[in-house]
Amino acid sequence: MKTYKVLVLHGPNLNLLGVREPEIYGAMTLSELNARLEEIASALGAVLRFFQSNCEGELVDALHEARTWADGVIFNPAAYTHTSVALRDAVSAVGLPVVEVHLSNIHAREEFRRRSLIAPVCIGNVSGFGWQSYALALRGLLGYLADRDAAA
Ligand code: DQA
């Protein structure tokens with residue numbers, strides 16, 4: 001079985017997880033979340049790299065760089081979900097399978113959060129399961145990659 005390499009990309013304000021509106025985003029910190037994902041990834045034989053930035057351009061750069069090493073991306077674009085043409089174009093440009101992730105259910109919140117500019121260029125999205133959204137996205141992405149490679 002191939003060892004898939006996955007970029008886990010976190011957008012703005014997610015560095016404050018655990019202290020930021022815990023009633024919406026949960027009590028787990030970003031490093032705890034990453035550690036949980038790491039455990040799941042090693043059980044599934046995948047390798048993860050993590051990156052968080054509050055800057056749109058750095059997220060674009062991370063997506064570009066992922067072209068050179070990653071098989072896929074799990075991406076929580078956070079507030080940029082709803083505004084960023086640059087990130088949408090970067091996802092399209094790199095051509096990697098990307099899964100969009102949200103801790104909260106963006107469809108059950110304010111109207112402006114219901115629209116994602118990123119979703120149409122992703123293979124799928126998971127929203128509303130707290131940190132488990134990332135775990136579900138990882139399983140989905142690895143299953144997608146295995147099916148794709150088996151069909152090739
Ligand atoms: C979020 C949802 C976004 O609307 C919000 O701006 C975030 C976090 C989530 O994970 O639920 O920062 O992406």
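**Ligand site and largest pocket**

A polar side-chain atom of His102 is placed 2.8 Å from an oxygen atom of the ligand. The structure is a predicted model, and in this model the ligand occupies the largest pocket. Besides His102, polar atoms of Leu103 and Arg113 also approach oxygen atoms of the ligand.

**Polar contacts of the ligand**

- His102 contributes a side-chain atom, with a distance of 2.8 Å to a ligand oxygen.
- Leu103 contributes a polar backbone atom, and an oxygen atom of the ligand is 2.8 Å from that atom.
- Arg113 contributes a polar side-chain atom that lies 2.9 Å from an oxygen atom of the ligand.
- On its own the ligand has 320 Å² of accessible area, of which the protein covers 99%.

**Shell around the ligand**

- The surrounding residues are Arg20, Tyr25, Asn76, Ala78, Ala79, His82, His102, Leu103, Ser104, Ile106 and Arg113.
- By class, this shell comprises five nonpolar, four polar and two charged residues.

**The largest pocket**

- The volume of the largest pocket is about 160 Å³.
- Its lining consists of 15 residues, and those closest to the centre of the pocket are Tyr25, Ala78, Ala79, Arg109 and Arg113.
- Six nonpolar, six polar and three charged residues make up the lining.
- Tyr25, Ala78, Ala79 and Arg113 are among the residues closest to the pocket centre, and they also belong to the shell around the ligand.
- Arg113 is thus named in both settings: as a residue close to the pocket centre and as the source of a side-chain contact to a ligand oxygen at 2.9 Å.

Technical notes: Residues numbered from 1 in each chain as written. Predicted model: local features only at pLDDT ≥ 70, side-chain atom pairs only at ≥ 80, totals over all residues. Heavy atoms only, no water. Near = heavy atom within 4 Å. Polar contact = N/O pair within 3.5 Å; in protein donor to acceptor, adjacent residues only side chain to side chain. Areas by Shrake-Rupley, 256 points an atom, 1.4 Å probe, with all protein chains shown as cover. 1 Å grid on protein atoms, 1.4 Å probe; cavity = no way out; pocket = protein on both sides within 12 Å on 5 of 7 lines; lining within 4 Å. Sits in = over half its atoms within 2 Å of the grid points. Nonpolar A, V, L, I, M, F, W, Y, C, P; charged D, E, K, R; others polar. Points joined across faces, edges and corners; volume = space filled by probe spheres on them.
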